[in-house]
Amino acid sequence: MASGGAEQQGPVTCGSWIRRPESANWAVFGRSRRKDSSSSSSSSLLEIFSFDPKTTALSSSPLTTYVLEEVEGEPVSIAVHPTGDDIVCSTSNGGCKLFELYGQESNAKLLAKQLAPLKGIGPQKCLAFSVDGSKLATGGVDGHLRILEWPSLRIILDEPRAHKSVRDLDFSLDSEFLASTSTDGAARIWKMEDCVPLTTLTRNSDEKIELCRFSKDATKPFLFCTVQKGDKAFTAVWDISTWTKIGHKRLLKKSASVMSVSKDGKYLALGSKDGDICVVEVKKMEICHWSKRLHLGTCIETLEFCPTERVVLTTSNEWGAVVTKLTVPADWKEWQIYMVLLGLFLASAVAFYIFFENSDSFWNFPLGRNQPAKPHLGAFLRDSKSSDDRNIWGPVDM
């Protein structure tokens, strides 16, 4: 969890992991203004912390801090490019701003730049980069949906009336589709090749589709959505080859405020409006981790899997940032896989040697009257060496 001293700078409004070189991970948080004892408001901030996988903790103090201008308002949402070098932040008053990240832990620095096509467009509820980093999608509180090429910022989709108000959005693994949901319960699919709406997900009149995430394991082409039906909440699955619903299950059993899928697609996580999270194994669609009252009585605003560890990052206005280690089976490390392969190779070599030395007794073949017994391995080596010196063509008549 971020340190108590950092929390005094104001409540956390949004956050995200940042993948750095050599499998390092940092985290970026947006903090809103607060009122101090003198009734003067402090500025909103962007802060970056390092992460220690051994202790499962963020650094006690930020690596770098950027103070937002007062006219920009407060951070609303954050998206980090897959390379970890670019951070896009939406603010309540100023639209979106780009922050380029430079340096290592000892000299980290944020350089702010304007994004001309996204300047002054109002608060964006959702920001998302495509998996390949070639596109950026923004979903506004006003229902305006935009998709831009990255880093050229060429607008490839500009739909002012995409929704009543954008609730959530996500790119498919191949960056071919974008799913978006609305506060009125509608969900639409957009095809990136044509930049047009492809279909609208079907639902009953008493159902509201709220959150959406594509599968990420490259074998199961699914779209996960949370659906609210009266006071009942469940997670539904759509087949993206036909866009038909193939099933649903009650997992969190309460209204979800945020959803996330791990980078390898093995796990799905749901955060509730009263501070609980559950993690689901996608293959079985069964809960494998619960953290109840993680943000006691507060809506979870951010829920994101760490890129390289079985850890999730959550944020809320009341409790700030929390890092949680998941109680799931540990993944195999690369060196462990190599050790297993080496062991199999050595075992095969030993088995071959034993088989060769005991082949006669093993097969129990009878020997003929003039058939010699099986020669030893050394005999083969000696014979092969001496045979090289003999003339295989026989005597030659000159």
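## Strand β11 and its burial

A residue is called buried here when its relative accessible area is under 20%, and by that cut-off strand β11, which spans residues 135–140, is mostly covered, with six of its six residues buried. The model described in this report is a predicted one. The burial of β11 extends to both of its faces, since Lys135, Ala137 and Gly139 on one side are buried, and Leu136, Thr138 and Gly140 on the other side are buried as well.

## The strands paired with β11

On one edge of the description stands β10, which pairs with β11 in the antiparallel sense over five bridges. Within this pairing, Ala128 is the residue that stands opposite Ala137 of β11. The hairpin formed by β10 and β11 has five residues between the strands, and Gly133 in that hairpin takes a positive phi near 75 degrees.

Strand β12, made up of residues 145–149, also runs antiparallel to β11, and the two are joined by five bridges. Ala137 has Ile147 as its bridge partner in β12, while its counterpart in β10 is Ala128. Four residues lie between the strands in the hairpin of β11 and β12, where Gly143 takes a positive phi near 90 degrees.

## The largest pocket

The largest pocket holds about 1400 Å³ of space. Its lining comprises 48 residues, and those closest to the centre of the pocket are Ser16, Ile78, Leu127, Arg213 and Glu304. By class, the lining of this pocket divides into 26 nonpolar, eleven polar and eleven charged residues.

Several strands contribute to this lining with at least two residues each, namely β1 (12–19), β6 (75–80), β10 (124–129), β14 (166–171), β18 (207–214), β22 (256–261) and β26 (302–305). The largest share, seven residues, comes from β1. Strand β10, the antiparallel partner of β11, is thus also one of the strands that supply at least two residues of the pocket lining.

## The enclosed cavity

A search of the whole structure finds one cavity of 30 Å³ or more, and the volume of the largest cavity is about 80 Å³. This cavity is lined by 15 residues, of which Thr226, Ala233, Phe234, Thr235 and Lys254 lie nearest its centre.

Strands β19 (222–229) and β20 (232–239) each supply at least two residues of the cavity lining. In terms of residue class, the lining of the largest cavity has seven nonpolar, four polar and four charged residues.

Technical notes:
Residues are numbered from 1 along each chain as its sequence is written. This is a predicted model: local features need pLDDT of at least 70, side-chain atom pairs count only at pLDDT 80 or more; totals for chains, interfaces and linings use all residues. Side-chain values use heavy atoms; hydrogens and water are left out. On a 1 Å grid over the protein atoms alone, a cavity is a set of points where a 1.4 Å probe fits but cannot get out, and a pocket is an open set with protein on both sides within 12 Å along at least five of seven lines; lining residues have an atom within 4 Å of a point. Grid points are joined across faces, edges and corners, and a volume is the space filled by probe spheres set on the points. Ala, Val, Leu, Ile, Met, Phe, Trp, Tyr, Cys and Pro count as nonpolar, Asp, Glu, Lys and Arg as charged, and the others, Gly among them, as polar. Buried means under 20% relative accessible area, exposed over 50%, partly exposed in between (1.4 Å probe, protein chains only). Two strands pair if DSSP finds at least two bridges between them.
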